[in-house]
Amino acid sequence: MYQQMIFVNLATDDVAASRKFFTELGYTINPQFSTDDCSCVVISDTIIAMLLSKQRYADFTKKEIADATKTSEVLICLSAESREKVDELVDKAVAAGGTVSGETQDHGYMYGRAFDDLDGHTWEVMWMDPAAVQG
């Protein structure tokens with residue numbers, strides 16, 4: 001059965017620093033699709049983040065490239081298997097040089113936190129109680 005994938009393309013000021021940041025979060029780099037201008041971060045079997053130098057990113061768009069530290073261009077939300085895994089990933093991101101973004105969201109059945117990566121892209125991490133989803 002075909003499994004659709006998502007490739008999130010993000011502009012970065014420093015490909016090497018971004019590569020290091022995401023490996024410190026526990027993700028791997030696919031060297032087959034990585035160069036000095038691009039880093040292919042494997043988040044899961046179906047989620048890939050392509051971290052592109054701004055010069056390389058400009059090859060794919062005629063639009064102005066957003067400065068994610070000043071304007072929001074996308075909110076990326078990743079699921080987590082538990083509340084503890086939410087905290088673990090956000091804490092790793094902060095330890096690796098990211099910053100906490102927004103307030104912790106705790107609704108009992110749903111828990112989430114967010115961080116901004118080195119370039120200001122916001123990554124939300126969310127857990128939802130499976131019983132609430134079935135409900």
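Colleague: What is the length of the polar contact that joins the side chains of Arg 113 and Asp 91?

Modeller: This is a predicted model: local features need pLDDT of at least 70, side-chain atom pairs count only at pLDDT 80 or more, and totals for chains, interfaces and linings use all residues. Residues are numbered from 1 along each chain as its sequence is written, and side-chain values use heavy atoms, without hydrogens or water. A polar contact is a pair of N or O atoms within 3.5 Å; within protein, one must be able to donate a hydrogen and the other to accept it, and residues adjacent in sequence count only if both atoms are side-chain atoms. The side chains of Arg 113 and Asp 91 are joined by one of 3.1 Å.

Colleague: Which other residue has its side chain joined to that of Arg 113, by a polar contact of 3.0 Å?

Modeller: Start from what touches Arg 113, where contact means heavy atoms within 4.5 Å. Past its neighbours within four places in sequence, that list includes Val 86, Val 90, Val 100, Thr 104, Trp 123, Glu 124 and Val 125. Asp 87 and Asp 91 are on it too. The 3.0 Å polar contact goes to Asp 87.

Colleague: Is Arg 113 buried or exposed?

Modeller: Look for Arg 113 in strand S8; strands (E, at least two residues) and helices (H or I, at least four) are DSSP runs, numbered from the N terminus. The cut-offs are under 20% relative accessible area for buried, over 50% for exposed and partly exposed in between, with a 1.4 Å probe and protein chains only. Since Arg 113 has a relative accessible area of 15%, it counts as buried.

Colleague: And how many Å separate the C-alpha atoms of Arg 113 and Ala 17?

Modeller: Along the chain, Arg 113 and Ala 17 are 96 residues apart. In space, their C-alpha atoms are separated by 23 Å.

Colleague: How many Å apart in space are Tyr 57 and Ala 11, C-alpha to C-alpha?

Modeller: Tyr 57 lies in helix H2, and Ala 11 is 46 residues away from it in sequence. Leaving out neighbours within four places, Tyr 57 is in contact with Ala 11, and also with Asn 9, Leu 10, Leu 52 and Ile 65. Between the C-alpha atoms of Tyr 57 and Ala 11 there are 5.9 Å.

Colleague: So how accessible is Tyr 57, and what is its class?

Modeller: Tyr 57 has a relative accessible area of 23%. Because of that value, its class is partly exposed.

Colleague: Which element gives the most residues to the largest nonpolar core?

Modeller: Such a core is a set of buried Ala, Val, Leu, Ile, Met, Phe, Trp, Tyr and Cys residues joined through side-chain atoms within 4.5 Å. Here the largest has 23 residues, and Phe 22, Leu 25, Tyr 27, Phe 115 and Trp 123 touch the most other members. At least two residues each come from S1 (6-12), H1 (15-24), S4 (47-53), S5 (75-79), H3 (83-95), S8 (110-116) and S9 (122-128). The most, four residues, come from H3.

Colleague: Take Leu 25: what is it in contact with, beyond four places in sequence?

Modeller: Leu 25 is one of the core members that touch the most others. Beyond its sequence neighbours, its contacts are Leu 89, Lys 92, Ala 93 and Phe 115.

Colleague: How many residues make up the second, separate core?

Modeller: Among its members are Cys 38, Ile 48, Met 50 and Leu 52. In soluble globular proteins, nonpolar side chains tend to be buried together. For this second core, the number of residues is five.
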